[in-house]
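Grab your viewer and work through these exercises with the model open. Each task comes with a worked solution, so try it yourself before reading on.

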Amino acid sequence: MSFILQFLSRFRDSLTLLVYLVLSFLMIISSDAKIVEGLRSTTLFSIGIVGEFTDSISAYLSLREANHKLTEENTRLAYENFQLQDALLENIRLRKLIQFKYKTQYDFIPAKVIGYSPIDIVTGILLSSEDIGEVTKNSAVMTSDGLVGKIVKLSGNSAICQILLDPNNRVSVRVQRNRELGMIAWDGGNGLFLEYIPNTVEIRPGDVLFTSGYSQIYPPNIKVGTVIQAEINTEQLFQTIQVKPSVNFNTLEEAYILKAEQN
Amino acid sequence: MNHEQKYYLTLLIIFGIGSVLIQSFFVPYLEITIWRPDFVLVIVLLMGKRFGPIQGSSAGFILGILMDSLTSMPVGISAFPKSIVGYLSGKMRSVGVSGTMYIVWFVLMILIHEIIVYSFLQFKTDLPFAKLLYSRVFPDTIYTTLMFFVVSFFLKKYFTED
């Protein structure tokens, strides 16, 4: 007994480290376990409250500037609206002619970006909204520029959104010009790769990518990014295609969470 | 609970949790191209250096778990390397390193931390580790090292033994 106590006392530094390493490893491999999920919810809830508080202060301080920008934006949008009214009427008329039913299948729930994932690479953003209770896990998140990511965790009024730059994230996309299907993945920096496009397919810089809709998560036709470089690999089956995301993740302030309408 | 333990907990709550909040809310504004400093790692290193290996690894584990809870990555990915560097930082205290070796030791610990983090992340991507090494690990190590010296300069009085 005294030998064990002596051993524990002598190596307690190393044993403590060993315990932490084993615990960390167990948590990594059981990340969906209830205790880990509970820990995540509690932390997100607490940090979400702090985030909302700091956000409300900065929002208050920048009200004048925001108001000025909104007035400018409002004028511009009003002008655009006049231009589009004609097109809309024509569109409705034509849809009636060919008996199309115009329908939006999603509600857009606005959410504020209150923080970023605290590890070295940006893998997620923290969102806050009073209506977040209506949202479910895996709901798509977008802005007017395009796709942001999906919701992976909800707690209180806050949520973690896994963005396209997360190493785990994969999105099925379609090239607008030639309807080719591919997969979007993180490129290790602030960009994306378009994967699984065969060397025989022509991809040009400037080609626009949209979500394909072949997913339970992302609805079709949301802009994802633009091809900036396509390189054919003679030794491989697929091309190396670099894509610039349509959303600038560093300047995100607000996003919309898509909620499927209940029929 | 003795005075030293109370002081450890106070620093862990104020600077530890504070660093997680700073990392989440303010560090994105310090981003240079794609590189960011890790303030939580800086606090873990300072805690280990001030209090020893057990407290260093404990700080690393607790703060790492908090960080992981705010990401979409599996919980434990940051806690694992931070426990190791907290421990190593505490060990440095007993070895009594000073001068140039002191700087080299800390750079080495930050580098070890980054290598472990990106080794985990590499399993989640199709990217070669060599690319992550030069595009992420080395620049992040340099940035965090610079921030380590800045932060330790300003918080010197709290992390120095009287």
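**Exercise 1.** How many residues of chain B are in contact with chain A, and how many of chain A with chain B?

*Solution.* Keep in mind that this is a predicted model. Start with the count: 42 residues of chain B touch 41 residues of chain A. Next, see where chain B's side comes from: α1, α3, α4, α5 and α6 of chain B each give at least two residues. The largest share is that of α3(B), with eight residues. Finally, sort chain B's side by type, and you get 24 nonpolar, 11 polar and seven charged residues.

**Exercise 2.** Which residues of α2(A) are buried, and what do they pack against?

*Solution.* First, locate the helix: α2 of chain A runs over residues 12-29 and spans 26 Å from first to last C-alpha, close to the 26 Å expected. Now pick out its buried residues, which are A:L17, A:Y20, A:S24 and A:M27. Looking down the helix axis, they fall within an arc of 90 degrees, so they line one face. Those buried residues pack against α3 of chain A, plus α3 and α4 of chain B. Flip to the face turned away from the buried side and you'll find the exposed A:R12, A:V22 and A:I29.

**Exercise 3.** In what order do the six strands of the chain A barrel close?

*Solution.* Trace the strands round: β1-β2-β5-β4-β3-β12, with antiparallel pairing. Neighbouring strands are turned by 45 degrees against each other on average, ignoring direction. Zoom in on one pair: β2(A), residues 124-128, and β5(A), residues 158-163, share five bridges. There, A:I125 sits opposite A:C161 of β5(A).

Note on methods:
Residues are numbered from 1 along each chain as its sequence is written. Chains are lettered from A and ligands numbered from 1 in the order in which they are written. This is a predicted model: local features need pLDDT of at least 70, side-chain atom pairs count only at pLDDT 80 or more; totals for chains, interfaces and linings use all residues. Helices (H or I, at least four residues) and strands (E, at least two) are DSSP runs, numbered from the N terminus. The expected span of a helix is 1.5 Å times one less than its number of residues. A residue is buried if 20 or more other C-beta atoms lie within 10 Å of its own, exposed if 12 or fewer, and partly exposed in between; C-beta atoms are placed from the backbone. The arc is that of the directions from the helix axis to the C-beta atoms. Two residues are in contact if their C-beta atoms, placed from the backbone, lie within 7 Å. Ala, Val, Leu, Ile, Met, Phe, Trp, Tyr, Cys and Pro count as nonpolar, Asp, Glu, Lys and Arg as charged, and the others, Gly among them, as polar. Two strands pair if DSSP finds at least two bridges between them. Axes are lines fitted to C-alpha atoms, for helices over the stretch in contact, and angles run from 0 to 180 degrees between N-to-C directions.
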